Structure formats: C-alpha cells, structure tokens
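Reader: I would like to take a close look at a single part of this model and then see how the rest is arranged around that part. Please go through it carefully, one element at a time.

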Amino acid sequence: MSTNKNSQIIKRTSIRDWPKAERPREKLIQTGAENLSDGELLAILLRTGNSGKSAEDMGRDLLSKFGGLEGLDRIHIEELLEVPGLGIAKVAQIKAAIEIGKRFRIQKARPVAFENAEKVADFCRPRFEGKRHELFLALLLDGQNHLLAERIIAEGIPTQATVYVRRVMEEALRVSASAFVVVHNHPSGNASPSAGDAATTLSLKQAADVLSLLFIDHIIVGKHSYYSFSEQGKL
C-alpha cells in the first residue's frame, strides 16, 4: 500500500519540489537512469554528502577532482579514502559500480569467434581501463577460434619476452588450445609497438610453431586505437 502511495507522490510532484538530497534518486525513478548526469548517478551511490554539501555536490566535486569517471576508475582506493566524507562503504560502492559497468561491456562485446582484430580490441578494452601499468592477456582458442579461456600472463612492469612466451605456452597447453591471441595495453594511450613488443611477437611465433599452435595475432590497445601485428603483415 505504501509503495503505491509513494509512486503517486513521485508522479504528482515536480523534481524541484523534492528534498534536495532525494532529487537524483527520484529523478532516476521518474525519468530513467540514462537521463541523469554523472554527478547525479554518483550522488545515488554516495547517498549522503559531507560538510554542508549534498551528495550531488560531492559527486560533482569528485568528478572534477579526479578527471571524470575514468579518473575515478584509475585512482587508487587508498587515495579515495583520503577524501573527506568518503569512507570504506562509499568507496567500495563507487569501485563496484564502475566494475559492474566494465563487466557488462565485456559480455556485450564478446565476439562469436576471435579472429577479427577490431572486435578483439573492443572486447579487451574494458579490462585495460583504469590501469596505470601494462596488462598482458592471452585469449586461448579452440579450432573454430572460440574462446576456451582468458589468462592474465603478466601485470605491471614489462619483463623479458621469454617470461611471456613460457607462460602463454603453458596456459595454452593446459586448456588444450589450438590457437591463441595475445593482447596488451599501452597506458600512455599510444598503441604504436615498441621494439620489445616486436621481439615478444617473434618469440611467441617461434614457440607456437614448435608446439603446432596457431598464433593469430598480437594486439596492442591504446586509448582510442589499436595496433594489430597480423593486420600490419608482421606476423
């Protein structure tokens, strides 16, 4: 009974008549989440403000301070906890919401077969968002290029090519893969390959040939672009 009464109140009352702290939440219910600004969506997660500021004000301040949602993704949890009014619960809610969005995009972007560089780059891109360092992934495939498994090969400061090669081969054999694609990011945003990237690609190709595995591509993901060794005829 109370639910119906609340719904009637929402329909009959204009947004500007709602209590300030409730406006983003009620606006979402009435108009849909897609019509809220980033600050309003953050306000719903924060629920309450701090030091005389509403949750919406606080949400806008966070976006300004850290450079939007992308900045909030990149910033370390410890740094967020230093912001007045942000406790463990609020920080956890923000990080969880961003991660849910990433995982939804990953599921939505998953191609049927992993043989198109652009589709692979789009599929992997959400995994690299917010990363300040390189993340090296292997997509392990069956004979029809369907995904068997995805493995993180290395994360952090790039190591020698031999480390990547050994780990990729071990993981491919572990799941009885027939083929694989490797993908990594350049945190600088520039997808151009380095000499080390070229050396790693060559070493992976040599090892794959020995083990009769098909090495389909090595893809580097930048901020708005990607580089495919296969498309460039270098694999």
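In β3, which residue is the bridge partner of L140?

Author: The bridge partner of L140 in β3 is F180, and because this is a predicted model, what follows describes computed geometry. The pair belongs to a longer stretch of pairing, in which β1 and β3 run in the antiparallel sense over six bridges. L140 itself lies in β1, where L140 shares one side of the strand with E134, F136 and A138, while L135, L137, L139 and L141 lie on the other side, and all of these residues are buried. In a regular strand the side chains alternate between the two faces of the sheet. For β1 both faces are covered, and since eight of its eight residues are buried, the strand is largely enclosed by the rest of the structure.

The other partner of β1 is β2, with which β1 pairs in the antiparallel sense over eight bridges; here L141 has L147 of β2 as its bridge partner. The two strands β1 and β2 form a hairpin with five residues between them, and N145 in that turn has a positive phi of about 65 degrees.

Taken as a whole, the sheet is open and has five strands in the order β2-β1-β3-β4-β5, with mixed pairing. The edges are held by β2 (147-156) and β5 (226-228), and because each of these has a single partner strand, one side of each is left without a neighbour in the sheet. From one strand to the next, the twist averages 20 degrees. Towards the β5 edge, strand β4 (residues 214-221) pairs with β5 in the antiparallel sense over three bridges, and I219 has S228 in β5 as its bridge partner. Helix α8 (residues 117-128) packs on the sheet and touches β1 (134-141), β2, β3 (179-185), β4 and β5, with a direction that makes about 130 degrees with that of β1. Helix α10 (residues 195-210) also packs on the sheet, touching β1, β3 and β4, and its direction makes about 165 degrees with that of β4.

Outside the sheet, helix α7 (residues 88-109) contains K102, a lysine that is buried, with a relative accessible area of 9%. Leaving out residues up to four places away in sequence, K102 touches D73, P126 and E129.

Elsewhere, helix α3 contains L45, which is partly exposed, with a relative accessible area of 27%. Apart from its neighbours within four places in sequence, L45 is in contact with Q93, I94 and A97. The C-alpha atoms of L45 and V91 are separated by 9.3 Å, although the two residues are 46 residues apart along the chain.

Helix α3 (residues 38-46) also meets helix α2 (residues 23-31), and the axes of these two helices come within 8 Å and cross at roughly 110 degrees. The two helices are therefore roughly perpendicular to each other, and α2 passes α3 in a left-handed crossing. The contact is made by P24, R25, K27 and L28 in α2 and by E40, L41, A43 and I44 in α3, a set that divides into five nonpolar, no polar and three charged residues.

Terms used:
Residues numbered from 1 in each chain as written. Predicted model: local features only at pLDDT ≥ 70, side-chain atom pairs only at ≥ 80, totals over all residues. Heavy atoms only, no water. Axes fitted to C-alpha atoms, helices over the stretch in contact; angles between N-to-C directions. Helix = DSSP H or I, 4+ residues; strand = E, 2+ residues; numbered from the N terminus. Parallel < 35°, antiparallel > 145°, perpendicular 65-115°, else oblique. Left-handed = near helix turned anticlockwise from the far one by under 90°. Contact = heavy atoms within 4.5 Å. Nonpolar A, V, L, I, M, F, W, Y, C, P; charged D, E, K, R; others polar. Buried < 20%, exposed > 50% of the residue type's maximum accessible area, 1.4 Å probe, protein only. Pairing = 2+ DSSP bridges.
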